[in-house]
Amino acid sequence: MQSFARITHESPYFSCGENVNYNAPKDFALTRTSTTTIDLSWKKVSGCTHYEIHRANDKNSTYHKVLKTKNSCVNDLFVRKGEGYYYKVRGYRSYNDQKVY
């Protein structure tokens, strides 16, 4: 399949719970499936029940939260043809209706 944009997995960060840091997920994958969709997937991290996906158009620019999920895969449906994207994933668990990173 022809690549429509630069899609890069840029050092995802994981922290979940107090004083607990997790390594980057294994088997992180990005696939441009159409001109307006990028599929992201990774292996679940033990202890994390939710994930936030942050995106930037440039490696050195500010990342913004664009998606959240309980799954280890998600579709980014808000991409533009010809644009490049960088992603970071943050895992957390929910406790008493609060996010615990």
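Glu52, Lys65 and Lys99 are joined in a network of salt bridges, a salt bridge being a side-chain nitrogen of Lys or Arg within 4 Å of a carboxyl oxygen of Asp or Glu. The count under this rule is three salt bridges. The model is predicted: local features need pLDDT of at least 70, side-chain atom pairs count only at pLDDT 80 or more, and totals for chains, interfaces and linings use all residues. Residues are numbered from 1 along each chain as its sequence is written, and side-chain values use heavy atoms, with hydrogens and water left out.

**The network around Glu52**

- Glu52 is buried, with a relative accessible area of 3%; buried means under 20% relative accessible area, exposed means over 50%, and partly exposed lies in between (1.4 Å probe, protein chains only).
- Lys99 forms a salt bridge with Glu52, and the closest N and O atoms of this pair are 2.7 Å apart.
- This pair links distant parts of the chain, since Lys99 belongs to strand 10 (residues 98-100) and Glu52 to strand 6, 47 residues apart.
- Strands (E, at least two residues) and helices (H or I, at least four residues) are DSSP runs numbered from the N terminus.
- The side chain of Lys65 also meets that of Glu52 in a salt bridge, at 3.8 Å from N to O.
- Lys65 lies in strand 7 (residues 64-69) and Glu52 in strand 6, so this salt bridge ties together parts that are 13 residues apart in sequence.
- Both lysines are partly exposed: Lys65 has a relative accessible area of 45%, and Lys99 has a relative accessibility of 37%.

**Arg55 and its surroundings**

- Arg55 is located in strand 6 (residues 50-56) and counts as buried at 15% relative accessibility.
- The side chains of Arg55 and Asp76 form a salt bridge of 2.7 Å, N to O.
- Arg55 lies in strand 6 and Asp76 in strand 8, so the pair connects parts that are 21 residues apart in sequence.
- Arg55 and Asp76 are both buried.
- The side chains of Arg55 and Asp76 are also joined by a polar contact of 2.7 Å.
- A polar contact is a pair of N or O atoms within 3.5 Å; within protein, one must be able to donate a hydrogen and the other to accept it, and residues adjacent in sequence count only if both atoms are side-chain atoms.
- In addition, the side chain of Arg55 reaches the backbone oxygen of Phe78 at 3.2 Å.
- Not counting residues up to four places away in sequence, Arg55 touches several residues, including Thr62, Tyr63, His64, Val66, Val79, Tyr85, Tyr86 and Tyr87, where contact means heavy atoms within 4.5 Å.

**Strand 6 and its partners**

- Seven of the seven residues of strand 6 are buried, so this strand is largely enclosed by the rest of the structure.
- Its two faces are both covered: His50, Glu52, His54 and Ala56 are buried on one side, and Tyr51, Ile53 and Arg55 are buried on the other.
- In a regular strand the side chains alternate between the two faces of the sheet.
- Strand 6 pairs with strand 9 (residues 85-95) in the antiparallel sense over seven bridges; two strands pair if DSSP finds at least two bridges between them.
- His54 stands opposite Lys88 in strand 9.
- Strand 6 also pairs with strand 7 in the antiparallel sense, over five bridges.
- The bridge partner of Glu52 in strand 7 is Lys68.

**The open sheet of strands 4, 5 and 8**

- Three strands make up an open sheet in the order 4-5-8, with antiparallel pairing.
- Strand 4 (29-34) and strand 8 (73-76) are the edge strands, each pairing on one side only.
- Neighbouring strands of this sheet are turned by 20° against each other on average, direction ignored; axes are lines fitted to C-alpha atoms, for helices over the stretch in contact, and angles run from 0 to 180 degrees between N-to-C directions.
- Strand 4 pairs with strand 5 (residues 37-41) in the antiparallel sense over five bridges.
- Ser34 stands opposite Thr37 in strand 5.

**Cysteines**

- The count of disulfides is zero, a disulfide being a pair of cysteine sulfur atoms within 2.5 Å.
- Cys48 is buried, with a relative accessible area of 11%, whereas Cys73 is partly exposed, with a relative accessible area of 42%.
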